[in-house]
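Got your viewer open? Load the model below and keep the selection box handy.

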Amino acid sequence: MIDKLEEVERKFERLTADLSNPDIISDTARLQRVSKERAGLEKLVEAFRAYRKVLADLKEVEAWLGSSDPDEKAYARESLPGLKAQRDEMEAELKILLLPKDPNDDKNVILEIRAGAGGDEAGLFAEEVMQMYLRYADRKGWKAEIMDMSAGGVGGVKDVSIMLSGDGVYSHLKYESGVHRVQRVPATETQGRIHTSAATVAVMPEADDTSDVVVNPADVRTDTYRASGAGGQHINKTDSAVRLTHIPTGIVVQCQDGRSQHGNRDVAWKRLRSKLYDFELRKRQEAQQKLEDTKTDVGWGHQIRSYVLDNSRIKDLRTNVEISNTQKVLDGDLDTFIEASLKQGL
């Protein structure tokens, strides 16, 4: 790993020097390319330099264990555990940063959450999953915008689409697609029976309007209808809701949360392009999976995480990472699960 990191650092230094080269400065396209490539390495190089400093500090402190000075020896014993923990944490981060770059990693994400099996309880759990991801987004400093949402029968969420934008959104969330299953005694259960319900999560990179996916308008049927739910007189009197059906694939999207048909149409098209892009990505991944036959399908129908809340246990079924502080996870602390998935490259 050190050899790879030193090679990256040398490349970073070459690119930094190139930014002072008059020939490159005078060529706008080349300058932008060099700047972008350097920016892509900066976080890794900074992490490596900090890691190298910790290694040097650790080596120095370990040498003090053999010191004849009792104060130095005591300081070494006190400092070593913290330095070793810091070293291990930095190594884990560097391993993630060294993973091959996915061309979609810097894209924003459309996050869709849908209540699955389990009746009204599934809708309540889907809302908790939604809040969990919104809190995670807030921790990361991302912007979250609810594009469309349908309420459940007794509260909760039937389905919701959220646009998440910010630094490295897709790179963090790309392995979160799948079924999240919960087992617990609902608050409405009078006999103490455990219920099992599920919410389905789909993470789709936002498709570029021009380069990522081309949609033939002739392949899309557009239907308008009156939006349901809250909204007052406006909702009841206008056909503002929009449903788009991509005929070749059967993919259907709809939007009714906006107050105008034009706004709902724009959001629906954005969702459709991202769904089609995600559809193509999954087709390629499935083809690769058949060749490799080593990785687990994490599509819409595969269970990835189990929430046994009454026993204080949330377990990722792919990495076997288990956390007992369930409230901490529901409050948006997902880094342990996400980092494990990234390391395993699921």
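We'll start with the whole chain, then visit a helix, the sheet and what packs on it.

**The whole chain.** Keep in mind that this is a predicted model. Colour by secondary structure and you should find 10 helices and 11 strands in the protein chain. Of its 346 residues, 40% are buried. Switch on a surface: the chain exposes about 19,000 Å², with carbon and sulfur atoms supplying 47% of that. Among contacts with a separation of 6 or more, 60% are between residues 24 or more positions apart.

**Helix 1.** Select residues 2–18. At 1.5 Å a residue, these 17 residues should span 24 Å, and the end C-alpha atoms are indeed 24 Å apart. Now show side chains for Leu5, Val8, Glu9, Phe12 and Leu15, which are buried. Look down the helix axis: the buried residues fall within an arc of 125°, so they line one face of helix 1. That fits the general pattern: an α-helix has 3.6 residues a turn, so residues three or four places apart point the same way. Spin round to the other side of helix 1 for Asp3, Glu7 and Arg14, which are exposed. What covers the buried residues of helix 1? Add helix 3 (28–64) and helix 4 (70–97), which are included in that cover.

**The sheet.** Next, pick out the open sheet of eight strands, ordered 2-3-1-5-4-9-10-11 with mixed pairing. Strand 2 (143–151) and strand 11 (322–323) are at the edges, each with a single partner strand, so each has one side without a neighbour in the sheet.

**Strand 9.** Zoom in on residues 303–308, where five of the six residues are buried. Which way does strand 4 (residues 178–184) run beside strand 9, parallel or antiparallel? The two are parallel and joined by five bridges; click His180 to find its bridge partner Arg305 in strand 9. With strand 10 (residues 313–316), strand 9 pairs in the antiparallel sense over four bridges. Here Ser306 stands opposite Lys315, and Val308 has Arg313 as its bridge partner. Four residues lie between the strands of this hairpin, and Ser312 takes a positive phi near 55°.

**What packs on the sheet.** Bring in helix 5 (residues 120–140), which touches strands including strand 1 (109–115), strand 3 (157–165) and strand 9. The direction of helix 5 makes about 40° with that of strand 5 (195–205). Last stop: helix 10 (residues 335–344), lying across strand 9, strand 10 and strand 11 and running at about 15° to strand 10.

Notes. Residues numbered from 1 in each chain as written. Predicted model: local features only at pLDDT ≥ 70, side-chain atom pairs only at ≥ 80, totals over all residues. Heavy atoms only, no water. Expected span 1.5 Å × (residues − 1). Buried < 20%, exposed > 50% of the residue type's maximum accessible area, 1.4 Å probe, protein only. Arc of directions from axis to C-beta. Contact = heavy atoms within 4.5 Å. Areas by Shrake-Rupley, 256 points an atom, 1.4 Å probe, with all protein chains shown as cover. Pairing = 2+ DSSP bridges. Axes fitted to C-alpha atoms, helices over the stretch in contact; angles between N-to-C directions.
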